[in-house]
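Let's take a walk through a protein model together. Have the picture open, and turn it around as you read.

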Amino acid sequence: MVVPSVAIREGVAKSLENTQEHFFSQYHKKIRFFIYDSDNLTELDAYSQSSDVNCMVINMQAFNASMKEGAKNKAARIIFDERDEFSSRRPIDVIAANRPIVICDEPQKMGKKGGATQKGIARFNPLFVLNYSATHKEKHDLVYALDALDAYNQKLVKRIEVKGFSLKNMRGTDGYLYLRDIVVSKNRAPEAVIEFKYMGAAGKVRKKTARFGEGDSIYDASGATKLEAYRGYTIASGNDGVVPPQDGRPGYVRFLDGSIGDDGRVYIGEVYGDSAADDMQRIQIRETILSHLQKEEALFRRGIKCLSLFFIDQVAKYRDLSGDGEAVGYGKIFEEEYEAIVSDRLKHPTQDDILDSSYAQYLGRFEARSVHSGYFSVDKKGNAVESKAEKKAEREDGIGINDDDAKRAYDLILRDKERLLSFDEPVRFVFSHSALREGWDNPNIFQICTLKESGSETSKRQEVGRGMRLAVDQDGNRQDAALLGPDEVHRVNLLTVIASESYETFVRDLQTDISKSLRERPKKVEMNLFSGRDIVLDGETVSFTEEESKRIYKALYKCDLIDDDDKPTAEFRKAAEDGTFAEYFVVKLPEQIADTAHAKAVEALVRSVYDAHALDGMIGRAQEKITENTLTDNFAKREFKELWARINRKHAYTVSFSDDELRRKSIERINSDLRVSRLQYTLTVGGQKSQATRDEVQGGSSFGRTQTETRDVDAGTASVGVTYDLVGEVAQAAAITRRSAATVLAGIDPNVFELYRVNPEEFIKKAAALIVSEKATMVVEHISYHEIDDVYDEAIFTERMPDNASKAYEAKKNIQRFVFPDSDGERRFAEDMDAAAEVAVYAKLPRTFQIPTPVGNYAPDWAIAFKEGSVRHVFFVAETKGTMDTMELSGVENAKIACAKKLFNEMSTGDVRYHNVATYEDLLEVMGRMS
């Protein structure tokens, strides 16, 4: 057996040890196995001479060193030279004479055909070679397949549930930077591609990526309201501001402020100032411990040890490499969280504790520092050590570790899995770097937490694979269907993945990767094949309900068009080829869909089971565009001409108000309405369905979401370490004087002002917005409009960009052929106006028809001309909102609507009225009340 690493070698050796009884039951002999050692040829001689079942295990590195004929290394000389202690034989000849069966475990790790490993295998003169893997990169002749979907549906592995996280209400106080790349182009200076935080117009902070050159400022790019954390983040000028990679040295950006990064330098791929990542990792550790303890109590009472596995990105973030034994980084966070959670659990005994206190006693038996351990092969600088650089002890034992604690962890985790499964062993939480990605798994891993970004979908699946085996109890009994029954297997064997990303992203990528590795399956005509599909035939869309799908399935079976295995019969294939299926089957369809189009759709879907191209061009709906929205005869009607002459004049405004009144009202408004977002995370829990199909895995629907919960982050709310010109920033954002800003801030309630510490950036943004809102309200009370010597041209109605035909409503009384409503409410409004006898003509006003207001230009929705004598006001301008309740509209929206009311209802001499309405019935009711 050839394996790609020491870790896998140790795992294989343990599996051979555990399966000796199995081999004895099959062959009436126990399997003899050994790990190849060029210094011990006695084992090799016994291997060749024995008639028993024998297995030699060798890792790829040792194999490649030994199998290079002519090489000067000791291992190669031993296997290719005639040895006195080996009866003057060459060991390679002895092995080849046996014609051994070679098993390559994880062959995708062993190089391509023609590589050193493959050439070495050929020297063994094997009877045949078996390549065993879940992720083959090269195609081999298939002998046996049990893929992920088979194993899951047969309940041979655990069910997966995922806890994903997405951070909400991001803070802009940490000076976050991620240098993604440095772009070098022919005619431009090098530019740095930097991800940073940006405050949008709504006051929310998000991550944004942009290019920066020498002398550029990230502070200036952080939004209209600049994030104070980036003050001083200016890239140096000269020849070392933006430095691309060269001569093997990494590229970097140097900032003028030397406190940023490494003496002002941030290198490609580095993240600086990411407090959100620290928050998330603490949350992940906490959620892993909580999930662990929730399962552990029930498993403990079944005699099953519960284990959790953490994957981390850097060894130094967990282990103190100086050797003083203190917990650091993840280890310290883990101990803090574990002690707090366990302490709280023990202070609140459950009813089960009263009846049986054994679990509570078990929980209190071990200190936090003793329940976790790690496996890393590192030097004292924290760098992973390659096999070629290891000492003899590493080559022989597979450990490149310099301290006794780390060696003990390696021995426990890799060599003595059974001990890890014992309740007497305190370790229940394992931290790992890359070494455990393949070759090590433990059946009692029930939680996997990725405190690192998975490098690819493959590594996601491999990491999840470390915990997929069915658990065993203290007596070694596998918790499978034979023991528990099929309904109980996945209740006991549930693997929880605490991901470093959102639930949706993790599940999508995991399912995508799994689907790529699935074997091809003969598809079937299943009961639900037809439901949920839109089939487009000759421009007509055909679909089926669940009930129709069931009746079609039964009809196909009754007519011998599918067989007992749900596969299309020869009769179906002949009818499809002859073109007679639709004519024959149309009378078999349910009455409400008994037409040729539905019969052809059934034919296409059944054919898709064996013909991958049967649905080409048939599924989906094209989005036709309307490029021209012409004016109709309604535009020339006298009623519209009179209406247009009254509203097409442009206006300007003047306004004045008292500073003291604004300050007083702003203080009252901030005290009552100011809220800022606390840093939160959303926890989403979901799991695999009880049974899954290939289509569900490929379509990303084999997981279902079961719970979503949003929680506050209670860490990191202390001082943010950034100095703000609070008065100046509020004054600037609200467009008021510093004196007014200082008066407002000094006058608000101290408890409200305390929100500044929770989220400074949002406090500034929202406090300024509330001041602007109050200013807008006061403006309305004191605004005056007057006409200017300019009018809107009729051409504004035909300037609209092409839009989807699916959005268009072909109107009767509109001045253009189509109305493109922005909502269902607007569409109903247009339909009602078309049906109303009192409406003569109307226009959906374009967005370029605007009324100026102090809080931004405002574009009303409709201009309507009624028939004379039918209503009180013949000419009307309307705004259709989903509600008429002003409490549900923003302050700025209300101010704009109030300005429009003032313009049309109080100052206009054109006999035009304005109001915001929700429906056409509202419009009629409002007109009846207006003077």
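Which residue stands opposite Cys 55 in S3? It's Phe 33. Keep in mind that what you're looking at is a predicted model, and let's start from that pair.

Strand S3 covers residues 54–59, and strand S2 covers residues 32–35. These two pair in the parallel sense, joined by 4 bridges. If pairing is a new idea, here's the background: strands of a sheet pair through hydrogen bonds of the backbone, and they can do so either parallel or antiparallel. Now follow the chain from S2 to S3 and you'll pass through helix H3, residues 41–49. Together, S2, H3 and S3 make up a β-α-β unit, and it is right-handed.

S3 has another partner too. Strand S1, residues 2–3, pairs with S3 over 2 bridges, again in the parallel sense. Look for Val 3 here: its bridge partner in S3 is Asn 59.

How many of the 6 residues of S3 are buried? The count is 6 of 6, so the strand is mostly covered, where buried means under 20% relative accessible area. In a regular strand, side chains alternate between the two faces of the sheet. You can see two sets in S3: Asn 54, Met 56 and Ile 58 point one way, while Cys 55, Val 57 and Asn 59 point the other way. Both sets are buried.

Back to Cys 55 for a moment. Its relative accessible area is 9%, which is under the 20% cut-off, so Cys 55 counts as buried. Cys 306 comes out at 1%, so Cys 306 is buried as well. Seeing cysteines, you might wonder about disulfides, which are covalent bonds between the sulfur atoms of two cysteines. How many disulfides are there in this model? The count is 0.

Next, find a sheet of another kind. Here 3 strands form an open sheet with antiparallel pairing, in the order S10-S11-S12. S10 (242–243) and S12 (265–267) are the edge strands, each pairing on one side only. S10 is joined to S11 (residues 252–254) by 2 bridges, and Val 243 has Tyr 252 in S11 as its bridge partner.

Finally, look at two helices, H11 (residues 329–347) and H13 (residues 358–365). They pack with their axes 11 Å apart, at an angle of about 150°. Angles over 145 degrees count as roughly antiparallel, so that is how H11 lies relative to H13. The crossing of H11 past H13 is left-handed.

Notes: Residues numbered from 1 in each chain as written. Predicted model: local features only at pLDDT ≥ 70, side-chain atom pairs only at ≥ 80, totals over all residues. Heavy atoms only, no water. Pairing = 2+ DSSP bridges. Disulfide = S-S within 2.5 Å. Buried < 20%, exposed > 50% of the residue type's maximum accessible area, 1.4 Å probe, protein only. Right-handed = clockwise from strand over helix to strand, strands pointing away. Axes fitted to C-alpha atoms, helices over the stretch in contact; angles between N-to-C directions. Parallel < 35°, antiparallel > 145°, perpendicular 65-115°, else oblique. Left-handed = near helix turned anticlockwise from the far one by under 90°.
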